[in-house]
Amino acid sequence: MSERVLAVWWDGAVAGRLTQDRHGDLSFAYDPHWLTQAHASLSRSLPLRAEPFDRRACRPFFGGLLPEEAQRAAAAGALGVSPANEFALLDRLGGDVAGALTLLPEGEMPPPAAPYRASVPLDDAAFAAILDRLPDRPMLAGEADGLRLSLAGAQAKLPVVIVDGRPALPPPGQPTTHIVKPEIARFPGSVATEAWCMALAARVGLDVAPAEAREAAGRPYLLVARYDRAVAGQMVTRLHQEDACQALGVPAERKYAAEGGPAFRDLFALTRDYARVPAIDVLKLVDAALFNLAIGNADAHGKNFSFLLDARGPRLAPLYDLLATIDWPALSPRLAMRVGRAGTIDDLDAPAWARFADDAGITLPFLRRRGIGLMQTIGAACGAIAGPPALAARTILRAQRITQSLAE
C-alpha cells in the first residue's frame, strides 16, 4: 500500500495533512503556511509545531471524530473497510465532522459555500425510512453520492439541515445545522427521556444545546441544534470544538475513567488550564456534574464534555447527551466518573463530596451551598417540564437524596 494523504481544511485553508504510510501507520503534520499565519491548533493535544505527530499523538483527535463501537462497525461494513482503519473511515466520512474541519483527499478542493436552504426538505415517510436505515447504515455511510458525514458516539445519529422546519440532507460538503438521534431500540422512551432532561437543564439555567422531541410517521427522534455551527441568513459556518478526550490525547475506546479515561480531577484541571475564563467554566462543570447526578445519568464520560474554540473560546461547550441512564436496568448504574470515591449515586456521602470539592478546586462549604441550591431548583422545575410523570418523580427523589448527602 502506498502512502495516502488527507488534507485537513479549516475555513478555506489547509491546516495540515493526515497521512497513512504503506504500513498503515498514521501521522499528522501542520501545513508550513498555516504555521506562519498565527492560526490556531486543531487540538490542545496537537500544539502548533513543524515536526509531525505520530500515530499515538494524533489518533486520539482524529479517531475521536468517528462513530464508536457498533456504530463504527456498521459504518465500516457499509463502506467495505475495516473498523480499525480510521484513515479509510475518515476518507469516506470526513466531509462534515464535529468542529470546523473538513478532511479531503489531497488535491481535492472543498465545494463552494452554498445556501443550506437549497436542500430539499424530506416528508415524513421519506425521513422515517432514513431513520429505519440508520442502525445498519450510520450517517447513511456509502448510501448517498457525495454525502460524507461523521459524528462521535456509540448511538445512532444523523447530521442534517433544517429547511422550513423539516429535516433535509445537506448538499455534499456543506455544513449541517442539526443532529437527529432516533429512538434507541433497546430503550423505549429514550427520545422522550432525553428531551425532558435537556429541557430541564435549560429550565434551571444550564447552558445546554437546544433540543426537541419529534416524530416522523410514528418514529420518535430527538432534534438537537448544533452548537458548533453558526447560521447567518442562508449560510452556515463551522465553529471548531473538541471534546475532553481529544484535548487530553485520550483515544475514544478509553473514554471511561475506569479504563484510563478522564476522571473529574482531570476535567477540572483541563478546564482551569484551557478555558479562557476558568472561574466561569469550573462552576459550569460543577453544575453539570450535579445535574447529571440528579437526572440519573451515570454515562457522563470524557467525550460528553467539550470545548468551543471560536473567538470567545476556549470555553466549555453547551451540554449534550443528557439522559437518565439508570432508569434502564440493562445499563450499569456505575458512574462513568466517580464523585470522590462514590461509584454510584447511592454511594454519595460526605467524604465523597469533600474529595469532589478538592478535585474541583473549590471549598466544601461552597459546594454544599451551590449543590443544595441547584437541587432545590431542579426539584421545583420538574413539574414545569412536560414529559413522563414517573421521570419527574424519580428526579425529585434523587435531588432530595443528593441534598441530604450534601448536608451531612
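**Salt bridges, a hairpin and a pocket**

Let me begin with aspartate 228, which forms a salt bridge with arginine 229, their closest N and O atoms lying 3.3 Å apart. Please keep in mind that what you have in front of you is a predicted model. In this model both aspartate 228 and arginine 229 are buried. Aspartate 228 also meets the side chain of arginine 226 in a salt bridge, at 3.0 Å from N to O, and arginine 226 is buried as well. If we step back from the single pairs, we find a network of salt bridges that links Asp96, Arg226, Asp228, Arg229 and Arg238.

Two members of that network bring us to the strands, since Arg229 belongs to strand E11, residues 229–232, and Arg238 to strand E12, residues 235–238. These two strands run antiparallel and are joined by four bridges, with alanine 232 standing opposite methionine 235. The hairpin that they make has two residues between the strands, and there glycine 233 takes a positive phi near 65°.

Which side chains of strand E12 are buried, and which are not? Val236 and Arg238 point to one face and are buried, whereas Met235 and Thr237 point to the other face and are not. As a general point, side chains in a regular strand alternate between the two faces of the sheet.

Strand E12 also matters for the next topic, the second largest pocket, whose volume is about 350 Å³. Of the 18 residues that line this pocket, those closest to its centre are Gly12, Pro111, Ala113, Pro175 and Arg238. The elements that give two or more residues to the lining are strand E1, residues 4–10, and strand E12, and the largest share, four residues, comes from E12. Sorted by class, the lining has eleven nonpolar, five polar and two charged residues.

Finally, let me turn to another pair among the 27 salt bridges that the structure holds. Arginine 72 forms a salt bridge with glutamate 86, and here the closest N and O atoms are 3.0 Å apart. Because arginine 72 lies in helix H3, residues 69–79, and glutamate 86 in helix H4, residues 86–93, the pair ties together parts that are 14 residues apart in sequence. Are these two partners buried or exposed? With buried meaning under 20% relative accessible area, arginine 72 counts as buried because its relative accessibility is 12%, and glutamate 86 counts as buried because its value is 6%.

Notes:
Residues are numbered from 1 along each chain as its sequence is written. This is a predicted model: local features need pLDDT of at least 70, side-chain atom pairs count only at pLDDT 80 or more; totals for chains, interfaces and linings use all residues. Side-chain values use heavy atoms; hydrogens and water are left out. Buried means under 20% relative accessible area, exposed over 50%, partly exposed in between (1.4 Å probe, protein chains only). Two strands pair if DSSP finds at least two bridges between them. On a 1 Å grid over the protein atoms alone, a cavity is a set of points where a 1.4 Å probe fits but cannot get out, and a pocket is an open set with protein on both sides within 12 Å along at least five of seven lines; lining residues have an atom within 4 Å of a point. Grid points are joined across faces, edges and corners, and a volume is the space filled by probe spheres set on the points. Ala, Val, Leu, Ile, Met, Phe, Trp, Tyr, Cys and Pro count as nonpolar, Asp, Glu, Lys and Arg as charged, and the others, Gly among them, as polar. A salt bridge is a side-chain nitrogen of Lys or Arg within 4 Å of a carboxyl oxygen of Asp or Glu.
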